[in-house]
Amino acid sequence: MLTIYSATGVSLSYLSAKELIDLKVNFINWEDLAWLILKKGLKSADCLCHGMIGNVEAVISISNSLNNDNLKEVAQKYVYSEMLLHSESLKWHTGFTNRDYSLSGLMLGNAGIGYGLIKTFWGDKVPSILMLEPPHQNSKISSQEDNFHEVSKS
C-alpha cells in the first residue's frame, strides 16, 4: 500500500482494504475527512506524494466510495483553477522546493503532477500510482484516440 502516513495515505489505504475485506467497524466520518482534506490539504506543494494532487486523489476516492459527486466536483474544480493559474508560467510547486526550482520526478515532481492531472479527470481509466495499481485493461481515455486511429488508417 502506501509508504507515507498522512490523512491521504490512511484514507487511500483504508478504502483499499475495505474493498478487500469486510470491515465491520467504520469509525471514520468519510465526508468530514474529505472536506478537511479539501480545506487544509491543498495549500502545500502540488506534488503527488504529499501535495495537492495526491490529496485530490484521496478526496475523489472518498467521493466515489460515498457516491458523492459534490466532493469530486469541488476537487476537480480546484484542480482546474490551479491549471489555469499555472498555464502561463508552468511553474508548479514541486516537493521540497520553492517555485524557483523544479523537480521532474514522479512522486515529488512534474511527472507526478502531470499524472495527477490526468487521474483527476479520467480517474476510472487511470491506475493509482499511490496504491500501486496495475494498468487497467482496455481502458480508453477519450474517443479522440479512436478518431486518430481511423484517420491514420486512411
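From the N terminus on, the elements of the chain run α-α-α-α-α-α. That makes six helices and zero strands. The model is a predicted one. The points below cover the chain as a whole, a buried lysine, two residues with positive phi, and two cysteines.

**Chain totals**

- The chain has 154 residues, and 37% of them are buried.
- Among contacts with a separation of 6 or more, 46% join residues 24 or more positions apart.
- The exposed area of the chain is about 9700 Å², of which carbon and sulfur atoms supply 57%.

**Lys119, a buried charge**

- Lys119 is located in helix 5, which spans residues 110–121.
- The residue is buried and has no salt bridge.
- The nearest side chain of opposite charge to Lys119 is that of Glu133, 4.7 Å away; a salt bridge requires a side-chain nitrogen within 4 Å of a carboxyl oxygen, so this pair does not qualify.
- A polar atom of the Lys119 side chain does lie 2.8 Å from the backbone oxygen of Val126.
- Leaving aside residues up to four places away in sequence, Lys119 touches Glu57, Val126, Pro127 and Ser128.
- Of these, Glu57 falls within the residue range of helix 3 (52–66).

**Positive phi outside glycine**

- Asn67 has a phi near 55°, a positive value in a residue other than glycine.
- Asn67 sits in the loop between helix 3 (52–66) and helix 4 (69–86).
- With 70% relative accessibility, Asn67 counts as exposed, because the cut-off for that class is over 50%.
- Leu132 is not a glycine either, and its phi is positive at about 55°.
- The loop that holds Leu132 runs between helix 5 (110–121) and helix 6 (143–153).
- Leu132 is exposed as well, at a relative accessible area of 64%.

**Cysteines and disulfides**

- Zero disulfides are found in a search of the whole structure.
- For Cys47, the closest cysteine sulfur belongs to Cys49 and is 5.9 Å away, which is too far for a bond.
- The converse holds for Cys49: its closest cysteine sulfur is that of Cys47, at 5.9 Å.
- A disulfide needs the two sulfur atoms within 2.5 Å, so Cys47 and Cys49 do not form one.
- Cys47 is buried, at 0% relative accessibility.
- Cys49, with a relative accessible area of 17%, is also buried, because the limit for that class is under 20%.

Note on methods. Residues numbered from 1 in each chain as written. Predicted model: local features only at pLDDT ≥ 70, side-chain atom pairs only at ≥ 80, totals over all residues. Heavy atoms only, no water. Helix = DSSP H or I, 4+ residues; strand = E, 2+ residues; numbered from the N terminus. Buried < 20%, exposed > 50% of the residue type's maximum accessible area, 1.4 Å probe, protein only. Lys, Arg positive; Asp, Glu negative; His and termini not counted. Polar contact = N/O pair within 3.5 Å; in protein donor to acceptor, adjacent residues only side chain to side chain. Contact = heavy atoms within 4.5 Å. Areas by Shrake-Rupley, 256 points an atom, 1.4 Å probe, with all protein chains shown as cover.
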